[in-house]
Amino acid sequence: MGKRRSRKAAPQKAKVKLPNTFDCPFCNHQSTIFVKIGKLSGIGKLECRVCGVKAESRTTHLTSEVDVFCEWMDSCVAANADNAPQPVDAEESDLLEPPAKKRKTDQGRVNEVIAAALEQTGDDASEDPYSDRDSFGSDLGLGDPVTP
C-alpha cells in the first residue's frame, strides 16, 4: 500500500515592515531620526542623530514608530501654521478678499424703514399723530370718557 500524498505547505505572506528611522525635516538628512517606544512606560521618544532635535509623546500598546513620528510632524505643521507671516506687500493684500460686511439686524432694518417713511411724509417722529383729538373716542361717537 502506498501512502497518501501530502499537500505542499502554502507560502507565508511577507509581513510589511514599517520603518523606524525617518528623514529629518529640520536638517534634511536621510534616516537620521530614530524612534524608541517604551512599552512599559508608555512614552515614545524621537531623536535626530545629526541636529539633536528631540520629542516625546504618549503611546499605547497599539502605537508604532510611524505613529510617533507622524504625531510629531503634525504638531510641527500646526506650530508653523500658527506662526505663518502675514502678507505685507500691497500686491499680496490686493489678492486677499475684502472683509465681509456685517449684516444689519432685523430691528436695525425696521428702524431704517420707519425713518425713510417719515422723511417721505414729512412728519416728525416726536409728534403724536393723535394729539389733535379732544377726547377719547370722539371720532367713534362715544362721547367724553368717564373720569373716576
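Good morning. Let us begin with one pair of residues: Ile37 stands opposite Gly44 in strand β3. A strand here is a DSSP run of E with at least two residues, a helice being a run of H or I with at least four, and both are numbered from the N terminus. The model is predicted, so local features need pLDDT of at least 70 and side-chain atom pairs count only at pLDDT 80 or more, while totals for chains, interfaces and linings use all residues. Residues are numbered from 1 along each chain as its sequence is written, and side-chain values use heavy atoms, with hydrogens and water left out.

Let us now turn to the strands around Gly44. Strands β2 and β3 run antiparallel and are joined by six bridges; two strands are said to pair if DSSP finds at least two bridges between them. The two strands form a hairpin with four residues between them, and Gly42 in the turn has a positive phi of about 75°.

On the other side, Gly44 has Ser57 in β4 as its bridge partner. Lys45 likewise stands opposite a residue of β4, namely Glu56. Strand β3, residues 43–48, pairs with β4 in the antiparallel sense over five bridges. These two strands also form a hairpin, with five residues between them, and Gly52 in the turn has a positive phi of about 80°.

We can now assemble the sheet. It is open, has four strands in the order β1-β2-β3-β4, and its pairing is antiparallel. Why is one side of β1 and of β4 left without a neighbour in the sheet? Strands β1 (21–22) and β4 (54–58) stand at the edges, and each has a single partner strand, so one side of each remains free of a neighbour there.

What lies across the sheet strands? Helix α1, residues 65–82, lies across β1, β2 (33–38), β3 and β4, and runs at about 115° to β2. Axes are lines fitted to C-alpha atoms, for helices over the stretch in contact, and angles run from 0 to 180 degrees between N-to-C directions; contact means heavy atoms within 4.5 Å.

Next, the two faces. In a regular strand the side chains alternate between the two faces of the sheet. In β3, the covered face holds Gly44, Leu46 and Cys48, whereas Ile43, Lys45 and Glu47 belong to the uncovered one.

Finally, the whole chain. Its secondary structure comes to three helices and four strands, and along the sequence the pattern reads β-β-β-β-α-α-α. Buried residues, those under 20% relative accessible area with a 1.4 Å probe and protein chains only, with exposed meaning over 50% and partly exposed in between, make up 15% of the 148 residues.
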